[in-house]
Amino acid sequence: MITPAQVQAAYIRACYLDVEALKPGNVSHCAPGHHMEAAAFKASAQVSAPVLAGPGIQLGQRIYGAVAATKRTVRCNTNLGIILLCAPLAQAALNHAGGSFRTTVADVLRQTTVDDTEKVYQAIRLAAPGGLGASPAHDVAADPTVDLHTAMTHAASWDQIASEYANGFEGLWDRVLPTLDAALERWGGDLRWATTDLYLYLLADQPDTHVCRRNGVRAAQELRDQARSMRQFFLNSDNRASVHRELERMDGCLKSAGINPGTTADFVVAGHCLARLRDSRALSVGTHPGATSGSIGFLQGVV
């Protein structure tokens, strides 16, 4: 049986890797940005973890409580997307009673209530993410009338996180996790370099929906194309110092332009969190292939 302490450990380490790796456009130890610094993200992880991994609470309460704890501590939105993706993983891990962990995660997402929607709407309003806009139906500014799965399905066409809720976290299982495993294998278990690899892959795969909302679809598409070129250079160069300089250059350009691929970063964190939960011997992942030799040991380097 996995414990709340183990879930907290998996979540915190995943959040720490988010700022320990250089991910162009995002805040890291190497480069602050968007009026935020790495320390705020680490503090956010520490205060949100106990709520996120708390036993005996519903998904909506878990999300709102984690966002509220963050807001009290850092007074800005550092982790709304991270919490939205990691809270169902935490709940599934705590509720898991055998069989496929992937199925348990899908059940958590499917078996939501209107109260869950209300709590998540409150969390979104509290975090106040940029570029949120309005929706003709199930808008977060209004009182909800549907369960969270239905509300997220409505928003799936324009929001990557909502799309994951609608499809049972299919992208996390089938794209993010295998790519992370392959990156760890490629880079000999180097967690930071593998994190950058995963980030560039996701950024090159499809336009970041946070960038779409804040900067427009064209800017997001141009960023995707830029990420494709950068990832090719990242994979093909044998000079890490040169690669690091190019990543820093890209990072500076994006931050100067006010472009923050925040949703892509959220998926990177969720991928690390899922990998750590998957690699716990307390959980079965059913038909999903087991960890490769480069996978993350569950409690290796917790903080």
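A salt bridge is here a side-chain nitrogen of Lys or Arg within 4 Å of a carboxyl oxygen of Asp or Glu, and by this rule the predicted model contains 20 salt bridges. Before individual pairs are described, the overall architecture may be set out. The chain has 14 helices and 0 strands, so that its pattern, read along the sequence, is α-α-α-α-α-α-α-α-α-α-α-α-α-α. Of the 303 residues in the chain, 56% are buried. Among contacts between residues at least 6 apart in sequence, 71% join residues that are at least 24 apart.

Several of the salt bridges can be described together with their surroundings. Lys23 is paired with Asp18, the closest N and O atoms lying 2.7 Å apart, and both Lys23 and Asp18 are buried. In a further salt bridge, Asp159 is joined to Arg213, with 2.9 Å between the closest N and O atoms. This pair links distant parts of the chain, since Asp159 belongs to the loop between helix H7 (148-155) and helix H8 (160-167), whereas Arg213 belongs to helix H11 (residues 209-215), and the two are 54 residues apart. Asp159 counts as buried because its relative accessibility, 17%, is under the 20% limit, while Arg213, with a relative accessible area of 28%, is partly exposed.

A salt bridge with another setting is found within helix H12 (residues 217-236), where Glu222 and Arg218 are 4 residues apart and therefore separated by about one helical turn. The side chains of Glu222 and Arg218 meet at 3.2 Å, N to O. Glu222 is partly exposed at 44% relative accessibility, and Arg218 is exposed, its relative accessible area being 65%. Beyond these pairs, salt bridges also form a network, in which Arg13, Glu20, Lys42 and Arg192 are linked.

The region around Asp159 can be followed further through Thr209, a residue placed in helix H11. Thr209 and Asp159 are 50 residues apart in sequence, yet their C-alpha atoms are 5.7 Å apart in space. When neighbours within four places in sequence are left aside, Thr209 is in contact with Trp158, Asp159, Gln160 and Thr263. With a relative accessibility of 10%, Thr209 counts as buried.

Gln160, one of the contacts of Thr209, also appears in the description of the second largest pocket, which holds about 200 Å³ of space. This pocket is lined by 16 residues, of which Gln160, Glu164, Arg175, Gln206 and Phe267 are the closest to its centre. At least two lining residues are supplied by each of H8, helix H9 (170-186) and helix H14 (262-278), and H8 gives the most, with 4 residues. By residue type, the lining of the second largest pocket divides into 4 nonpolar, 9 polar and 3 charged residues.

The cysteines were examined for disulfide pairing. A disulfide is a covalent bond between the sulfur atoms of two cysteines. The count of disulfides in the chain is 0. Cys86 is accordingly in no disulfide, and the nearest cysteine sulfur, which belongs to Cys273, is 4.1 Å away, a separation that does not meet the rule because a disulfide requires sulfur atoms within 2.5 Å. Cys86 is buried, with a relative accessible area of 0%, whereas Cys76 is partly exposed, with a relative accessible area of 24%.

Finally, the backbone of two loop residues deserves description. Most residues other than glycine have a negative phi. For His34, however, phi is near 55°, a positive value in a residue other than glycine. His34 is located in the loop between helix H1 (4-20) and helix H2 (38-52), and its relative accessibility of 23% makes it partly exposed. Arg75 likewise has a positive phi, near 60°, and is a residue other than glycine. The loop that holds Arg75 runs between helix H3 (59-74) and helix H4 (80-95), and Arg75 is exposed there, with a relative accessible area of 68%.

Terms used: Residues numbered from 1 in each chain as written. Predicted model: local features only at pLDDT ≥ 70, side-chain atom pairs only at ≥ 80, totals over all residues. Heavy atoms only, no water. Buried < 20%, exposed > 50% of the residue type's maximum accessible area, 1.4 Å probe, protein only. 1 Å grid on protein atoms, 1.4 Å probe; cavity = no way out; pocket = protein on both sides within 12 Å on 5 of 7 lines; lining within 4 Å. Points joined across faces, edges and corners; volume = space filled by probe spheres on them. Nonpolar A, V, L, I, M, F, W, Y, C, P; charged D, E, K, R; others polar. Contact = heavy atoms within 4.5 Å.
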